[in-house]
Amino acid sequence: MTIFARRARASAGRMHPELSLVSYTLLGHLEESGGCRATDLAAHYALDKSTVSRQVTALERAGLVERRTDPEDHRVQVLDLTEAGQEILAQVTRSRRAAFRERLAAWPEEDLVRFARYLERYNAGPAPTAGPDGL
């Protein structure tokens, strides 16, 4: 898993020099959620608010994210992708997909199906813990 994470971090930098893996992840979440508060990002990824704040500030400076007032609560600032943020995210996503296709091109179908099942199982979350009697 460590090698997988290191490879993901390294590939993020190659795909777009200004976009770290964390930045890419935050942009992806903003796209999926249609925008959210910085505190929501921190809670979702179990990150410190100051970490998210630094990342968001960098994304704002790069013109990839903007703040807007929540129409339901004018005291709340919601983060959303700018047009440039949407374009960069789409570009990086295309590059990542191409890299995955290239890396997996020679794999037999059976291996791809098994790999996909394992990823689904891994992403489903932790297995229920057994009680003292093993159940």
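Mentor: Alanine 46 is found in the loop between H3 and H4. Keep in mind that this is a predicted model.

Trainee: Why is alanine 46 called exposed or buried, whichever applies?

Mentor: Set the value against the cut-off. Alanine 46 has 71% relative accessibility. Exposed means over 50%. Alanine 46 therefore counts as exposed.

Trainee: What is the phi of alanine 46, and what makes the value worth a remark?

Mentor: Phi is near 55°. That is a positive value, and the residue is not glycine.

Trainee: The loop joins H3 and H4. How do their axes lie?

Mentor: H3 covers residues 38-45 and H4 covers residues 49-61. Their axes come within 9 Å and cross at roughly 120°.

Trainee: What makes H3 oblique to H4, rather than roughly perpendicular?

Mentor: Roughly perpendicular covers 65 to 115 degrees, and roughly antiparallel starts over 145. An angle of roughly 120° fits neither class, so the pair is oblique. The crossing is right-handed.

Trainee: Which residues make the contact between H3 and H4?

Mentor: H3 brings Ala38, Thr39, Leu41 and Ala42. H4 brings Lys49, Val52 and Val56. By class, that is 5 nonpolar, 1 polar and 1 charged.

Trainee: How do you know which one is polar and which one is charged?

Mentor: Lys is on the charged list, so Lys49 is the charged residue. Thr is on neither the nonpolar nor the charged list, so Thr39 is polar.

Trainee: Now H2 and H5. At what angle do they pack?

Mentor: About 115°, with the axes 11 Å apart. H2 spans residues 21-33 and H5 spans residues 83-104.

Trainee: Why is that pair called roughly perpendicular?

Mentor: The class runs from 65 to 115 degrees. The angle is about 115°, at the upper limit of that range. H2 and H5 are therefore roughly perpendicular. H2 passes H5 in a left-handed crossing.

Trainee: Which residues meet there, and how do they divide by class?

Mentor: Tyr24, Leu27, Gly28 and Glu31 in H2 meet Leu89, Val92, Thr93 and Arg96 in H5. The classes come to 4 nonpolar, 2 polar and 2 charged.

Trainee: Why is Gly28 put with the polar residues?

Mentor: Gly is placed among the polar residues by the definition used here, so Gly28 goes there along with Thr93.

Trainee: Serine 23 also lies in H2. How do you know whether serine 23 is buried or exposed?

Mentor: Its relative accessibility is 5%. Buried means under 20%. Serine 23 therefore counts as buried. Leaving aside neighbours within four places in sequence, serine 23 is in contact with Gln55 and Leu59.

Trainee: Threonine 82 lies in the loop between strand S2 (77-81) and H5. What does the cut-off make of threonine 82?

Mentor: The value is 13%. The limit for buried is under 20%. Threonine 82 is therefore buried. Not counting residues up to four places away in sequence, threonine 82 touches Gly63, Leu64, Val65 and Glu66.

Trainee: What share of the chain is buried, and how many residues does the chain have?

Mentor: Buried residues make up 25% of 135 residues. The chain exposes about 9900 Å², with 53% of it from carbon and sulfur atoms.

Trainee: Which elements does the chain have, and in what order?

Mentor: There are 6 helices and 2 strands. From the N terminus, the order is α-α-α-α-β-β-α-α.

How values were computed: Residues are numbered from 1 along each chain as its sequence is written. This is a predicted model: local features need pLDDT of at least 70, side-chain atom pairs count only at pLDDT 80 or more; totals for chains, interfaces and linings use all residues. Side-chain values use heavy atoms; hydrogens and water are left out. Axes are lines fitted to C-alpha atoms, for helices over the stretch in contact, and angles run from 0 to 180 degrees between N-to-C directions. Helices (H or I, at least four residues) and strands (E, at least two) are DSSP runs, numbered from the N terminus. Angles under 35 degrees count as roughly parallel, over 145 as roughly antiparallel, 65 to 115 as roughly perpendicular and the rest as oblique. A crossing is left-handed if the near helix is turned anticlockwise from the far one by less than a right angle, and right-handed if clockwise. Contact means heavy atoms within 4.5 Å. Buried means under 20% relative accessible area, exposed over 50%, partly exposed in between (1.4 Å probe, protein chains only). Accessible areas come from the Shrake-Rupley method with a 1.4 Å probe; for residues, only the protein chains shown count as cover.
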